[in-house]
Amino acid sequence: MSLLTPNPGLIFWMLVVFLLVVFILAKFAWKPIIKGLKDRENEIQGALDLAERTRAEMIKLKSDNEKLIAEANAVRDQILRDAKDAADRTILESKDKAAVEAQKMIDSAREAIRNEQQMSVTKIRKEVAVLSLEIAEKVLQRELKDKEAQEKLIADLASSAHLN
């Protein structure tokens, strides 16, 4: 039981050793420990600040990326609309040009047909005239073989002719 009863000498030496340990710790250990703790606290705070800045930058980058994607989509849509409009215009111009060319070809063909028709009619008229003259010549030669028929024809022609 002597351990449970306080001895004033033991208490005094325990107090002296405790104060000596506190003094040595205060002189040599607490400043580096406190400095280490402060440095660690500063590092942790810096890491937290960096994480916050990084998070804010990531949010900003995400927002910027969404804006860029939206702008790229708008540009893509505009390019597609422009390309479709250009294709439609080209198709329309090609149709119009083809229609004009077809009309020119039709007009040219009609003109060629008219010219061929006129040339054929003229050729037929010439042939009919030549044939008529040949027939008339042969008829006249047959009719006018004798002298009396010739005189009668001249008389008929002279009586039917109107002289002024």
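Q: How many salt bridges does the structure hold?
A: The structure, which is a predicted model, holds seven salt bridges. The general idea is friendly enough: side chains of opposite charge can pair when their charged atoms come close. To be counted here, a side-chain nitrogen of Lys or Arg must lie within 4 Å of a carboxyl oxygen of Asp or Glu.

Q: Which side chain does Glu 43 meet in a salt bridge?
A: Glu 43 meets Arg 40, with 3.9 Å from N to O. Put that value beside the cut-off of within 4 Å, and you can see how the pair is counted.

Q: Where do Glu 43 and Arg 40 sit relative to one another in the helix?
A: Both belong to helix α1, which covers residues 8-143, and because they are three residues apart there, about one helical turn separates them.

Q: Is Glu 43 buried or exposed?
A: Here you need the cut-offs: buried is under 20% relative accessible area, exposed is over 50%, and partly exposed is in between. Glu 43 has 52% relative accessibility, so Glu 43 counts as exposed. Its partner Arg 40 has 49%, and therefore counts as partly exposed.

Q: What about Asp 64 and Lys 60: how many residues apart are they?
A: Asp 64 and Lys 60 are four residues apart in helix α1, again about one turn of the helix. Their side chains meet in a salt bridge at 3.6 Å, N to O. Try the cut-offs once more: Asp 64, at 27% relative accessibility, counts as partly exposed, whereas Lys 60, at 54%, counts as exposed.

Q: Which residue forms a salt bridge with Glu 111?
A: That partner is Arg 114, and the closest N and O atoms of the two are 2.9 Å apart. Glu 111 and Arg 114 lie three residues apart in helix α1, about one turn of the helix. Both count as partly exposed: Glu 111 has 38% relative accessibility and Arg 114 has 42%.

Q: How many positive and negative side chains does the whole protein have?
A: There are 27 positive and 27 negative side chains. You can also ask where each set is centred: the centres of the two sets lie 9 Å apart.

Q: How many helices and strands should I look for?
A: Look for two helices and zero strands. To read the overall form, compare the radius of gyration with a reference value. A compact globule of 164 residues would be near 15 Å, but this protein has 65 Å. Along its principal axes, the C-alpha trace spans about 200 × 40 × 25 Å.

Q: What percentage of the residues count as buried?
A: Of the 164 residues, 0% count as buried. The accessible surface comes to about 15500 Å², and 65% of that belongs to carbon and sulfur atoms.

Q: Which residues does the "transmembrane region" annotation cover?
A: An annotation is read from a record and then compared with the model. The UniProt annotation, from an unreviewed entry, covers residues 12-30. In the model, that stretch is 100% helix and 0% strand, with its end C-alpha atoms 24 Å apart.

Q: Where is Lys 31, and is Lys 31 buried or exposed?
A: Lys 31 has its place in helix α1. With a relative accessible area of 62%, Lys 31 is exposed. You can also compare sequence with space: Lys 31 and Asp 49 are 18 residues apart along the sequence, and 26 Å apart from C-alpha to C-alpha.

How values were computed: Residues numbered from 1 in each chain as written. Predicted model: local features only at pLDDT ≥ 70, side-chain atom pairs only at ≥ 80, totals over all residues. Heavy atoms only, no water. Rg over C-alpha atoms; globule rule 2.2 N^0.38 Å. Buried < 20%, exposed > 50% of the residue type's maximum accessible area, 1.4 Å probe, protein only. Areas by Shrake-Rupley, 256 points an atom, 1.4 Å probe, with all protein chains shown as cover. Lys, Arg positive; Asp, Glu negative; His and termini not counted. Charge placed at Lys NZ, Arg CZ, Asp CG, Glu CD. UniProt positions renumbered as here; feature names shortened; annotations may be inferred.
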